[in-house]
Amino acid sequence: MSTDFDVVVIGGGPAGLSAALNLVRARQRVLVLDGNRPRNAATLNSHGFLTRDGVSPLELRKMGREEVAGYDDAEVQFATVTRVSPLDQGFRVEADGIRGSADRDVTTRRVLVATGLTETLPAIGNMRAYYGTALHSCYECDGYEKAGEQLAIIGESDDLADRALLATVWSDDVVVFTNGVGEVTYSDERMLAARNIPVERREVAEFVGDRGALTGLRLVDGTVVPRTGGFVRPLWHATHGYLDTLQPLTDERGLLLVDAGGRTSVPGLYAAGDITPPGPEQLIVAAGAGAQVSAAIVRDSI
């Protein structure tokens with residue numbers, strides 16, 4: 001069957017762009033559809049990406065788009081995919097254009113999903129004012145810059161004890177804040193106390209700062225706990241309703257299940273990056289996954 005493209009890549013982050021670059025260099029006709037809503041949009045600088053340590057993630061994506069679009073057989077467009085439908089020997093991909101781009105309705109032999117995840121932060125009023133500067137979510141990305149600081153570990157999940165222990169790699173002054181929701185068992189609390197890590201179970205009312213610098217967390221009773229930085233444990237969500245007609249297998253969190261080559265349970269449908277288990281990873285890990293899956297797609301095309 002003749003198609004418009006060999007591969008449509010959904011998602012223009014490190015995984016999708018890395019895959020697209022390798023695919024077009026393998027003489028595949030590639031279209032990247034990017035919804036332009038990256039999970040790390042609030043992050044000012046990315047770390048741990050070899051030769052690009054400290055780069056703005058937005059700049060990294062921009063450079064990646066330009067590199068891919070520089071090839072004659074590749075196209076990158078800002079668009080939100082609304083539906084992927086099966087055809088006899090491929091797929092139909094429909095998308096709504098954004099930022100002035102036209103809508104797209106194309107056919108392709110294969111589809112690679114690399115849309116990443118969306119995140120929900122704890123409902124603390126002014127958290128966004130500090131998120132990406134004083135507050136972060138990734139130790140590997142931002143722990144070094146917070147080394148030795150008074151750190152707050154904030155979340156509403158059941159892995160806060162593990163997250164707090166990991167934080168001690170970068171600081172020995174750590175306080176856990178459950179915001180009245182997060183689960184820390186009393187046995188975990190005793191274990192943390194043995195490491196001089198207190199657990200604060202009262203709700204957080206707001207973050208306190210001076211000229212943009214975090215100085216503490218104000219609790220609902222007015223108590224202010226001095227902190228200069230922190231790490232938030234978001235809840236992550238996989239959003240791929242555009243695949244509903246294909247019904248690929250997912251895990252209990254909605255992440256797309258794949259084999260070592262990124263193949264989903266639907267022939268011709270692949271996935272790479274945060275949308276697959278184990279979920280959120282560093283940028284360089286996502287980029288590597290994209291390159292690995294692109295190799296599988298090329299092999300499968302022979």
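1. A word on terms before we start: two strands count as paired if DSSP finds at least two bridges between them. With that in mind, β12 (residues 213-219) and β13 are joined by three bridges and run antiparallel. Please keep in mind as you read on that this is a predicted model.

2. Within this pairing, one contact is handy for finding your way around: R218 has V224 of β13 standing opposite.

3. Stepping back to the whole sheet, you will find three strands in the order β11-β12-β13, paired antiparallel, and the sheet is open. Because β11 (204-210) and β13 (224-226) each have a single partner strand, they stand at the edges, and one side of each is left without a neighbour in the sheet. On average, neighbouring strands here are turned by 30 degrees against each other, direction ignored.

4. Now for the surface. L50, I284 and V285 together make a nonpolar patch of about 260 Å². One of these residues, V285, belongs to helix α6 (residues 283-300). Is V285 buried, partly exposed or exposed? Its relative accessibility is 37%, and since the partly exposed class lies between under 20% (buried) and over 50% (exposed), V285 counts as partly exposed.

5. Finally, the annotation. An unreviewed UniProt entry lists residues 5-155 and 245-290 for "domain: FAD/NAD(P)-binding". Looking at the segment 245-290 in the model, the chain is 17% helix and 7% strand, and the C-alpha atoms at the ends of this segment lie 24 Å apart.

Definitions and conventions: Residues numbered from 1 in each chain as written. Predicted model: local features only at pLDDT ≥ 70, side-chain atom pairs only at ≥ 80, totals over all residues. Heavy atoms only, no water. Helix = DSSP H or I, 4+ residues; strand = E, 2+ residues; numbered from the N terminus. Axes fitted to C-alpha atoms, helices over the stretch in contact; angles between N-to-C directions. Patch = residues over 30% accessible without salt bridge, like charges linked within 9 Å, V, L, I, M, F, W, Y side chains within 5 Å. Areas by Shrake-Rupley, 256 points an atom, 1.4 Å probe, with all protein chains shown as cover. Salt bridge = Lys/Arg side-chain N within 4 Å of Asp/Glu carboxyl O. Buried < 20%, exposed > 50% of the residue type's maximum accessible area, 1.4 Å probe, protein only. UniProt positions renumbered as here; feature names shortened; annotations may be inferred.
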